[in-house]
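Biologist: Could you walk me through how some helices pack here? I would enjoy hearing the reasoning behind each answer.

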Amino acid sequence: MSASKHFTKRFRAKNLRHIYVERIRETQAIGIDRMRPVNLQKTLDQELSIITRKVSDGSYRFTAYKQKLISKGADHSPRVLSIPTARDRIVLRALCQVLQDVFPDATPSIPQSKIEALKAALGSGNFKEYVRLDLRNFYGNIAHTELHKALKKRVRKKGFLELIQNAIETPTIPGGFSSANATRMTVGVPQGLSISNQLAEITIKQIDDIFVSRTDIAYFRYVDDILILTDANQAKLVADEAIKQLRLRTFSPHDPSTPNSKSRFGKLSESFSFLGYQIHNTNLSVRRDSIHKLESALAAILTNYRYRMAQARTPAQRDAAIRLCEWRLNLKITGCVFEGGRRGWVFYFSQINDTACLRALQNTVINLLKRFGATGAIRPKSFLKSFYEGRRKDKTSHKYIPNFDSMDASEMRDILALFVGDLKVSELSDRRVEQLFKMRIRHAVKELEADLAGLS
C-alpha cells in the first residue's frame with residue numbers, strides 16, 4: 001500500500017474517533033487551550049469533521065504547543081517537552097500511525113532488545129574494544145532538510161509532507177503566553193509529540209544502515225546513545241568514522257577526547273555503562289546510580305506511609321494506609337503489564353546476568369520496613385522472583401506481576417478503593433470505575449518510568 005493510501009486510511013473519521021477514545025480521552029495532559037481531553041467528547045463530531053476537512057484540503061494548522069520543563073538536575077538545563085492540544089494530539093497520533101505504516105523498519109525499539117543483542121555479541125568473543133557515543137541535544141539538532149530528504153524516499157504525497165513540516169515548525173510556548181509573536185522552529189523536532197521518536201528514528205536510520213551492514217563491528221543505538229563493539233586496536237578508528245558521519249548530518253556527538261566526556265572508547269576488559277547497565281567483559285549488571293535512584297523511590301513510599309499513619313485517627317484509616325503502602329511498594333518491586341507493555345525497573349533490567357543487586361535491593365526493602373516500623377504489617381514481594389517471572393515471554397502468564405490490562409471491574413474497584421476509599425467506589429458505575437482506574441494506573445506507571453529516567 002502506498003503512503004498516500006495509508007494516509008487516507010488513517011485520517012478517516014472512524015480511525016480518528018478510535019484514536020480519541022483509546023489513546024486521548026482519559027489522559028490528563030492539557031495544551032495551551034486549557035481544554036481537558038475528556039471535554040472534547042462534547043463536540044467530537046464537529047472536531048473530527050474539522051480535522052478531516054482541513055487535512056484533506058491542506059489547511060490544517062497546529063496550535064502552539066504548551067511548554068513543560070522537566071528537571072535534569074542542578075547542573076543541566078531542563079528538558080523541554082511540547083504539549084499539544086487534545087485535537088492536535090488526535091492528528092499527531094494519526095500521523096504517527098502513517099509513519100509506522102510507511103517506515104516499519106524505523107519504529108523505535110525497546111532498550112531490552114538492544115541489550116539482548118549486545119549480550120549475544122559480547123558472548124561471541126569476536127570483539128575486544130568498544131566505542132560509546134552520546135549525542136548532544138539529539139532532537140534539537142535534527143535538520144529539517146535531512147528529515148525531509150529521508151521522508152521523501154518513501155513519501156510523495158505533498159499534503160502528508162506539509163502536515164509533518166507544519167507539526168515540527170509549530171512553536172512551543174509557556175502557558176499563559178500568546179503565540180502571536182512566537183518564532184516557528186527551523187531546526188529540531190519538538191520532544192513530547194507522538195511523532196517525535198518516529199521522526200528521529202527515520203532521520204538517523206541512514207547512519208544506522210551504514211554501520212549495521214558492517215561485519216567487522218557490532219552496532220547498537222537507542223535514541224541518542226550509540227555503542228559499537230570492535231576488534232582490537234580498532235576503537236579509535238571506528239569512533240572517528242562514526243563521528244564524521246554523524247556530523248555530516250548535523251548530529252552533535254560528544255568528543256571522546258574531551259575530559260569527562262559522555263563519549264568514550266576503550267577495551268571490553270574495562271567497565272563501562274550503556275542504557276543503565278554496567279558492562280564488564282560478558283558480565284551485565286545494573287549501574288550503581290540506577291540502584292540508588294530506585295532505593296530513593298522505595299524510601300519515599302515508606303516516608304509517605306509514616307506520614308499517613310501519623311495522620312490516621314481510626315483503625316480503618318491505619319489499615320488503608322498499610323494497604324496503599326503495600327500496593328505501591330510491591331508495584332515498584334514487580335513492575336506491571338499495562339496497555340500491552342511491560343513496565344518497571346525489573347522489566348527494564350531483565351537482561352542482567354548478575355543478580356546480586358536484586359538480593360541487595362531486597363535487603364534494602366527489609367531494612368526500610370524495620371526503620372519505618374512496618375515489619376509484619378506490610379508484606380513485600382521479591383525482586384528476585386519478579387525478575388524470573390518478568391522474563392516470561394507471554395504477558396498473560398504473569399501471575400506474580402499485576403497485569404492491569406486483564407483485570408475485571410471487581411479487581412479495578414479493589415485497587416481504586418486504595419486511593420478513594422471503599423464507600424466512594426461503591427457509588428461509582430463500572431464505566432466510571434474503569435476511567436478512574438486507568439487514570440490512577442497511568443500515574444503509577446509514570447512513577448515507574450521516572451525511576452528509569454536518565455539511564456543513558
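Biologist: At roughly what angle do the axes of helix α6 (residues 144-152) and helix α7 (residues 158-169) cross?

Modeller: Happy to help, and please keep in mind that this is a predicted model. Two packed helices are described by the angle between their axes and the distance between the axes. For α6 and α7, the axes come within 11 Å, and the crossing angle is roughly 155°.

Biologist: How are α6 and α7 oriented to each other, roughly parallel or roughly antiparallel?

Modeller: Their axes cross at roughly 155°. Angles over 145 degrees count as roughly antiparallel. Therefore α6 and α7 are, relative to each other, roughly antiparallel.

Biologist: How many residues of the contact of α6 with α7 are nonpolar?

Modeller: On the α6 side, the contact is made by His144, Leu147, His148, Leu151 and Lys152. From α7 come Leu161, Ile164, Gln165, Ile168 and Glu169. Sorted by type, 3 are polar, 2 are charged, and the nonpolar ones number 5.

Biologist: How far apart are the axes of helix α10 (residues 288-311) and helix α11 (residues 315-334)?

Modeller: This pair packs at an angle of about 175°, which makes α10 roughly antiparallel to α11. Its contact residues divide into 11 nonpolar, 3 polar and 4 charged. The distance between the axes of α10 and α11 is 9 Å.

Biologist: Within what arc do the buried residues of α1 fall, seen down its axis?

Modeller: In helix α1 (residues 3-10), the buried residues are Ala3, His6, Phe7 and Arg10. Their cover includes α2, α3, α4 and α7. They line one face of the helix, because they fall within an arc of 100°.

Conventions
Residues are numbered from 1 along each chain as its sequence is written. This is a predicted model: local features need pLDDT of at least 70, side-chain atom pairs count only at pLDDT 80 or more; totals for chains, interfaces and linings use all residues. Side-chain values use heavy atoms; hydrogens and water are left out. Axes are lines fitted to C-alpha atoms, for helices over the stretch in contact, and angles run from 0 to 180 degrees between N-to-C directions. Helices (H or I, at least four residues) and strands (E, at least two) are DSSP runs, numbered from the N terminus. Angles under 35 degrees count as roughly parallel, over 145 as roughly antiparallel, 65 to 115 as roughly perpendicular and the rest as oblique. Ala, Val, Leu, Ile, Met, Phe, Trp, Tyr, Cys and Pro count as nonpolar, Asp, Glu, Lys and Arg as charged, and the others, Gly among them, as polar. Contact means heavy atoms within 4.5 Å. Buried means under 20% relative accessible area, exposed over 50%, partly exposed in between (1.4 Å probe, protein chains only). The arc is that of the directions from the helix axis to the C-beta atoms.
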